[in-house]
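Visitor: I have a protein model with a ligand open on my screen, and I would like to know what stands behind the words people use for it. Could you walk me through it?

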Amino acid sequence: MTTEKPNSRRLAYFSMEVGLEAAMPTYSGGLGVLAGDTLRAAADLGVPMVGISLLYKQGFFRQHLDIEGYQSESAYTWDPRQFLEPQDLRVTVRLSGREVRLTAWRYLIEGITGATVPVYFLDADLPENSFEERALTGQLYGGDPLYRLRQEALVGLGGLALLQALGHTEIETYHLNEGHCALLTVGLLADGVADGDPAKATEEEIEAVRRRCVFTTHTPVSAGHDRFHFDLVRQVLDEPLARTIESLPFAADETLNMTYLGLFFSRNANGVARRHGEVAQAMYPGYDVKSITNGVHAASWTSPSMAAMFDREIPDWRTDNAYLRQVLDVQTDHVLEAHSDAKRDLLGEIMRRTGVKLDPSVMTIGFARRAATYKRADMIFSDLDALRTIAREAGPLQFVYAGKAHPHDEPAKALIRRVFEARDQLRDTLHVVYVPEHDMALGKLLCSGVDLWLNNPQKPLEASGTSGMKAALNGVPSLSVLDGWWPEGWVEGVTGWSIGNGEMESNQEDELASLYSKLRYVIVPLFYGSPTGYGRVMRSTIGVNGAYFTAQRMMQQYMRNAYQVPGNK
Ligand SMILES: *Cc1c(COP(=O)(O)O)cnc(C)c1O
């Protein structure tokens, strides 16, 4: 049952993936987790937002790793009823000349002060649809370009139809979270043109769409930007919409670029960290690209033990995360105790899942994210003797890894195998554990339970990265290359340490030298030589970065810098 009042929502947030629960496989990685955190922050702050996405009945996938690290996959079966309320309504989207019917499921986020944000997951698995159509809301990032384009039409055009069916006809701002949902813009144009043909839209009619749309771009990596040949566009969309797309001034090589579509129809465009805003501006010189740095939903990503400590020492931190700065006045022992509970929980879970018993007194380094090649999961294993020397001379180490490779990404799968190889080669000196099935639950245990968070993407390809922010909330400092959010979060020896210099492009040799030397001469000696000194770094990591890189702060910046309706300033 739908209980919302019509027109009770002013902002609509569209995202191809939304992560709200670890066991609800409607997300694959950082983008979806960020979308869920954004919507949770909106609920906390009482922002009248509604979220739109697709339901994926087979979800992303389950990851299996054999003893050599070969990844295989299986479908993720789940019951939406466990988390979502079915909505008794139908909307239609025309795809390839047929009316595809959609229903929706609702997840109601309740914010800290009781305000709510509904999130709708569109579902095509209805008896009225053909077999092929029913499968369209099956897999996240599965299928061929035709399947993808049809999914993107469902989220963009179906989402717009759903908002209308719910009576949300006075949305002031549509936020396109990445290009996947940008077909929404041509839907808005088609609705707004006087003579019914969007291909004949006037400049004012285009401007009217622009006034209502805000766009966020999330990656400089080319594979993250969908492009569809016009033949495919004509095959999927109705003729007037296809003709509109072909007539847009950025159309090149007979190809629809979803990022350009989003940029063209938005009044405001942002990257996800200051550095990424600069990179994106250089990629799209014809547009004005700014940045709003990502943040994470603090209450969701803080371990139970650290959250209990915050509740005792900083009672209002959940309603206003900025108060976390007051941790700077809390005794370091409180931070160390809360963290050692989180570490115990992590090591217990690793033991349960893998049978490997790690030592809680050993410095533990964590690395968990999608196994994309630019993230260079195996980089620290480039010189195993260097690692052996560090473990022998500075103090013992152990590594915990996690991350899924996309089923078709062979180089990423090879990366996982190389971590397994290093594990075997290092067996005499230190433990390396790769925990399968990285999801939000495991991610939280990892970010909060290790002693150091390692991040070494190839610059400048990390748009933001959010796992280091989750770690910071839990007092876990980062050792990271200066890419993504880290140039903003890095205070040497206070919030963590840098790998290499501030240049825009990576030089792996220099980065490795820097990585090994910081571990050997600075970080590991501090950890073993001065637990209180390390505790002070942990505390300032929370006070300086945990307090700032939150989804609440990000949402407030979107409110001020992006959502604000022109003319209302
Ligand atoms: C936070 C999170 C990510 C994003 O990590 P990055 O640091 O941005 O690579 C990916 N997957 C899961 C499950 C997460 O919780």
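Guide: Gladly! Two helices, α1 (30-44) and α16 (467-473), each supply at least two residues of the shell around the ligand. This is a predicted model, where local features need pLDDT of at least 70 and side-chain atom pairs count only at pLDDT 80 or more, while totals for chains, interfaces and linings use all residues. Residues are numbered from 1 along each chain as its sequence is written, and side-chain values use heavy atoms, with hydrogens and water left out.

Visitor: What makes α1 and α16 helices?

Guide: They are DSSP runs of H or I with at least four residues, numbered from the N terminus.

Visitor: Which residues come nearest to the ligand?

Guide: K375, G465, T466, S467 and K470, out of 13 around the ligand. A residue is near a molecule if one of its heavy atoms lies within 4 Å of it.

Visitor: What makes the pairing of K375 with the ligand a polar contact?

Guide: The term asks for a pair of N or O atoms within 3.5 Å. An N or O atom in the K375 side chain is 2.6 Å from a ligand oxygen, so this pair qualifies. For the side chain of S467 the distance from an N or O atom to a ligand oxygen is 2.5 Å, and for that of K470 it is 2.6 Å. The protein buries 94% of the 390 Å² that the ligand exposes when taken alone, using the Shrake-Rupley method with a 1.4 Å probe.

Visitor: How many residues of each class does the shell around the ligand have?

Guide: Three are nonpolar, six polar and four charged. Asp, Glu, Lys and Arg count as charged, so K375 and K470 belong to that class.

Visitor: Which domains does the shell draw on?

Guide: Domain 1 (11-262 + 554-563) and domain 2 (298-549) each give at least three residues. Those bounds come from an automatic or database domain assignment.

Visitor: How do you know that domain 1 and domain 2 are in contact?

Guide: Contact means heavy atoms within 4.5 Å, and 31 residues of domain 1 meet that condition with 29 residues of domain 2. Together the two domains bury about 2,300 Å², meaning accessible area (1.4 Å probe) lost on being put together, summed over both. Of the area domain 1 buries against domain 2, Q63, L65 and Q71 supply 21%, more than any other three residues.

Visitor: Why is the bond between K459 and P460 called cis?

Guide: Its omega is about 0 degrees. P460 sits in the loop between β17 (452-455) and α16.

Conventions: Polar contact = N/O pair within 3.5 Å; in protein donor to acceptor, adjacent residues only side chain to side chain.
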